[in-house]
Amino acid sequence: SAHLMDLLKGFNKEEHSLYHAHARIWQEFIFINLSEDPIPFEDDLAPLLNKWEDKKIHELRIANKVEYHLNCNWKLILQNYQECYHCPGVHPLLSKLTPYRSAVHDCGVGGIIGGYMSINEPRGSMTMDGKAAAPLLGNTGEDEQQKIYYYSIYPNMLLTPHPDYVLYHVLTPISYNEVQLECHWLFHPDVINSADYKDRIRSAIEFWDMTNKQDWEVCEQMQQGVASARFDRGYYAGQEDMLAAIDQETLRSLGHDDPS
């Protein structure tokens with residue numbers, strides 16, 4: 001459609017269109033895949049498609065967003081997010097609210113990696129005082145009221161549904177040792193617009209902003225470590241099986257059919 005291109009003999013604009021992007025929507029999140037022949041969306045995200053329907057995530061809206069700039073490789077953030085082996089020494093409050101050895105991993109192969117952890121406080125949540133920030137999401141059942149999920153949607157989304165709100169991160173690599181990261185807090189519009197929940201929302205924001213900064217500090221320290229000329233390899237503890245799963249998915253995405 002550029003000016004005067006219609007006068008160029010033999011030019012067929014259908015043969016010179018923009019590249020096609022595959023796009024799908026799940027729970028109001030828009031997923032875009034630029035591959036020419038991507039894994040079908042229904043296969044790649046199969047573990048999530050019918051999950052959390054009772055939470056009605058699609059009804060939630062962004063209550064707050066914080067942007068971070070980190071001096072580390074983006075994969076270190078995925079690894080940090082998928083294990084709590086480091087929690088007792090790095091996150092004293094988080095470890096108090098949710099036992100660091102309570103993790104249950106239910107997705108360890110493919111583009112969805114993660115599981116859930118247990119919340120100590122009855123009808124609690126991840127806030128500065130451990131109490132709920134809002135009413136339960138949607139029709140959250142009793143068995144879900146003490147669970148917080150940590151799912152990596154490979155390669156650049158971290159999704160953390162709570163009983164009362166949802167946290168998610170989007171990673172944008174800038175270079176091999178820099179990444180821009182956006183963190184969003186999702187609440188029901190009725191909660192966002194109510195003065196009664198203003199302080200509770202702030203408590204959830206303060207908790208995760210504090211926890212994020214604790215994580216980002218150790219991720220940047222890890223980047224310094226792996227950049228050392230003496231660095232060769234590391235070894236995973238038994239609680240770090242999800243990190244190995246991320247490694248396997250990265251190798252698969254690079255074309256290694258049998259990364260083992």
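Trainee: Where is the place of P155 in this chain?
Mentor: Our model is predicted, with residues numbered from 1 along each chain as its sequence is written, local features needing pLDDT of at least 70, side-chain atom pairs pLDDT 80 or more, and totals for chains, interfaces and linings using all residues. Side-chain values use heavy atoms, leaving out hydrogens and water. Taking helices (DSSP runs of H or I, at least four residues) and strands (runs of E, at least two), numbered from the N terminus, we find P155 in the loop between β6 and β7.

Trainee: Is the peptide bond from Y154 to P155 cis or trans?
Mentor: The angle to look at is omega, which for the bond from Y154 to P155 lies near 10 degrees. With that omega, the peptide bond leading into P155 is described as cis.

Trainee: In which order do the seven strands of the open sheet stand?
Mentor: The strands pair in the antiparallel sense throughout this sheet, where a pair needs at least two DSSP bridges. Read from one side to the other, the order of the seven strands is β3-β9-β8-β7-β6-β5-β4.

Trainee: Which strands stand at the edges, each with one side left without a neighbour in the sheet?
Mentor: A strand at the edge of this sheet has a single partner strand, so one of its sides has no neighbour there. This is the situation of the strand at residues 61–70 and of the strand at residues 104–107, which are β3 and β4.

Trainee: Which residue of β8 is the bridge partner of T160?
Mentor: Strand β7, at residues 157–161, pairs with strand β8, at residues 166–175, over five bridges in the antiparallel sense. In one of these pairings, T160 meets its partner in β8, and that partner is L167.

Trainee: Which strands does helix α7 touch as it packs on the sheet?
Mentor: Helix α7 spans residues 198–226 and packs on the sheet, with contact taken as heavy atoms within 4.5 Å. Its partners include β6, at residues 147–153, and β9, at residues 178–187. The full set of strands that helix α7 touches is β3, β6, β8 and β9.

Trainee: Is W52 buried or exposed?
Mentor: W52 is found in the loop between α2, at residues 46–49, and β3, and has a positive phi of about 65 degrees although it is not a glycine. The relative accessible area of W52 is 4%, and the class for values under 20% (1.4 Å probe, protein chains only) is called buried. W52 is therefore buried.

Trainee: What is the phi of L4?
Mentor: L4 is found in the segment before β1, the strand at residues 22–26. L4 is a residue other than glycine with a positive phi, and the value is near 70 degrees.

Conventions:
Axes are lines fitted to C-alpha atoms, for helices over the stretch in contact, and angles run from 0 to 180 degrees between N-to-C directions. Buried means under 20% relative accessible area, exposed over 50%, partly exposed in between (1.4 Å probe, protein chains only).
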